[in-house]
Amino acid sequence: MSSLEEYVAKAQATFQTLDTEEKTMVFGAALCVVLLLGWILRKIFGGSRGLPSEEQALKAVGPVVTVVLQRPGSERLGMSLRPNEEGSSTIQSIAEGALLDGWNRMQSSEVRRIRNGDKIISVTSNGTSCSSGGAMTDKLKEGGDVTLSVALVRSPEELKNLGQLVSGMVVLEGLVLKNEATFRAPSLTSAGAFDRYAVEVASLGNALTAWNDARRSEGSCSTQQIEVGDRLVCVNASTNVPSALATPTPSIVLARWREPGTCSVDSFDATIQKQGADDKMGIVISPHPMAHGPALVMKILDTGAVARWNGSGNRPILKGDSIVSVNGRTSYNEIQRELGSPAPQIRIERWMATGAAAPTSGFGSGYSGAPFGAAPFTAAAGAAAPFAAPGQAAKMPVPVPMPAPSSSSSGGGGGMSLLPWRGISLVMFLLVYLLDEGEGKTSKACFYAALKLNQMLKMASKQVLNDSQGSVAAALLASAALLTLNFVWAEAMAEKRKSLLWQVMLAAVASVLYGYGYWFLISWANIV
């Protein structure tokens, strides 16, 4: 008999001598081992699991409308809500004739009106703001004036009519974002569950202000400037932006929504003559994060054909410019190839702001001074009063605190990963038992290892004095009871509901605590 077979036989014999409580403890210990191994593997191999890709995070960005509803009396807001998985609230219906319906009638186009399916991401009333589903419902019941931040859910075609999503990439050479700006959770744009990984610029320091002035004087693309209200989507290839704010010389992908007509695309052609087969273009390009052109100019070297073009009185090619085509070719791979030709003909596009300032309080606010949809609506005003009274300022939402850095989405809050690490660990554990070859010797050996671990735990527990075992039992059982209440509460309250895997793991941990608490209890009572 081989050593492995002896190992398995010993495991079987030992297991058969256990009573029901001890067998339950064995499975609990094995589960803890699986979770520990899964956590270790996740730290080693899966640090960014669950994060959205750069393209996903950009395509999900949409505008947020500021809706100000004034109700001096007991007027109804006129909407029903349901909490959603993202932590906000989805509008299910809008009552005809109520305040929100009146606000909708004031809007000039259908696409700007609040609809069923749009999401309320924050509510401000009586000087305070909240952004979770259940709390927002309670806040709406308080009475008084209400300011809603509503994320519009629209088709791509409707979004084109609603505004312009300007995106680009900028490298802040010699700067550190954390030291040069302050940030908040996204409030002017929304990307649903991806909002937890992005931040929004709240204010600029002196160094970033000087940076912007220098880029503006150069005539650079507007995406080479960091503005208040910009959404930072990605920093140094990581979409977990809060964790990357301390990185020096960051490479940033940003996005900003603008009213139609407040940004324009300036385009021109450049034919770059090389001086020989060994002459280089002298630029560094990168794929554009969105569809404003297939390539971005990331760097221009001091030597090369482009540097000579810029120094010869021609319209200069600048960092941040989009290369739309080269010799008529438009794909990124073709552009790379055609840039090696003797005289590439390059089509350049550059986003230029036609307004005065960046938004600070809502989509469309940057160039008119008022947030998109911010004119207050009152029941008395009705549809015939489309604007606030002269000198009456719209009420702005209280800024939401910036989200804490997060390295993954496991355990709720958006569910970016279809197969989280806990699920992988559990599947691997089950496969060992169900798909083992032969007579299941490997699985039995693993089971015996768990058995030995449980034996070690029991040995440690025996070191606890008998007089103290009652206290240990009470602590374990109380902890298990709290987890059970958390489980039941999450199941009963829709807005608190967590993912299925989270609930399964919560129940498993509670079961382990119940098992060991029961063991200490009966040991303290001298039953075992």
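So, 21 salt bridges: that's how many this structure holds, where a salt bridge is a side-chain nitrogen of Lys or Arg within 4 Å of a carboxyl oxygen of Asp or Glu. In general, side chains of opposite charge can pair when their charged atoms come close.

Before I go on, a word on what we're looking at. This is a predicted model, in which local features need pLDDT of at least 70 and side-chain atom pairs count only at pLDDT 80 or more, while totals for chains, interfaces and linings use all residues. Residues are numbered from 1 along each chain as its sequence is written, and side-chain values use heavy atoms, with hydrogens and water left out.

How confident is the predictor? pLDDT is its confidence in each residue, from 0 to 100, and the chain averages 76, with 68% of the residues scoring at least 70. Two stretches to treat separately: residues 364-374 stay under 50 and have 40 contacts beyond four places in sequence, a contact being heavy atoms within 4.5 Å. Over residues 379-421 the pLDDT is also below 50, and that stretch has 99 contacts in the model beyond near neighbours in sequence.

Now the overall picture. The chain has 14 helices and 18 strands; these are DSSP runs numbered from the N terminus, helices being H or I with at least four residues and strands being E with at least two. Of its 528 residues, 45% count as buried. For the cut-offs, buried means under 20% relative accessible area, exposed means over 50%, and partly exposed is in between, using a 1.4 Å probe and protein chains only. If you take contacts between residues at least 6 apart in sequence, 72% join residues at least 24 apart.

Back to the salt bridges, with three examples. Arg-105 pairs with Asp-101, and their closest N and O atoms are 2.6 Å apart. Both sit in helix α4 (residues 99-105), and because they are 4 residues apart there, about one helical turn separates them. Arg-105 is partly exposed at 42% relative accessibility, whereas Asp-101 is buried at 16%.

Next up, Arg-115 and Glu-158, whose side chains meet at 2.7 Å, N to O. This one links distant parts of the chain: Arg-115 is in the loop between α4 and β4 (119-125), Glu-158 is in helix α6 (residues 156-162), and they are 43 residues apart. Arg-115 is partly exposed at 22%, and Glu-158 counts as partly exposed too, at 23%.

The third is Arg-258 with Glu-227, with 2.6 Å between the closest N and O atoms. Arg-258 lies in strand β12 (residues 251-258) and Glu-227 in the loop between α8 (206-218) and β11 (231-235), so the pair ties together parts 31 residues apart in sequence. Buried or exposed? Arg-258 is buried, at 2% relative accessibility, and Glu-227 is buried at 12%. There's a network here as well: salt bridges that share partners join Glu-227, Asp-230, Arg-256 and Arg-258.

Staying around β11, look at Val-235, which lies in that strand. Val-235 is buried, at 0% relative accessibility. Leaving aside neighbours within four places in sequence, Val-235 is in contact with residues including Leu-177, Val-241, Ala-244 and Ile-252. Val-235 and Val-171 are 64 residues apart in sequence, with 9.5 Å between their C-alpha atoms.

On to the nonpolar cores. A core here is a set of buried Ala, Val, Leu, Ile, Met, Phe, Trp, Tyr and Cys residues joined through side-chain atoms within 4.5 Å. The largest has 36 residues, and Val-67, Leu-69, Ile-114, Ile-120, Val-123 and Leu-148 touch the most other members. Apart from that one lies another core of 19 residues, among them Ala-295, Ile-335, Ile-346 and Ile-348.

One helix to find on screen is α5 (residues 133-140), whose buried residues are Gly-133, Gly-134, Met-136, Lys-139 and Leu-140. Their cover includes β2 (79-83), β3 (89-94), β4, β5 (128-130) and β6 (146-151).

Last stop, the outside. The chain exposes about 25600 Å², and carbon and sulfur atoms supply 58% of it. Tyr-518, which lies in helix α14 (residues 500-524), is partly exposed at 39% relative accessible area.

Terms used
pLDDT is the predictor's confidence in each residue, from 0 to 100. Accessible areas come from the Shrake-Rupley method with a 1.4 Å probe; for residues, only the protein chains shown count as cover.
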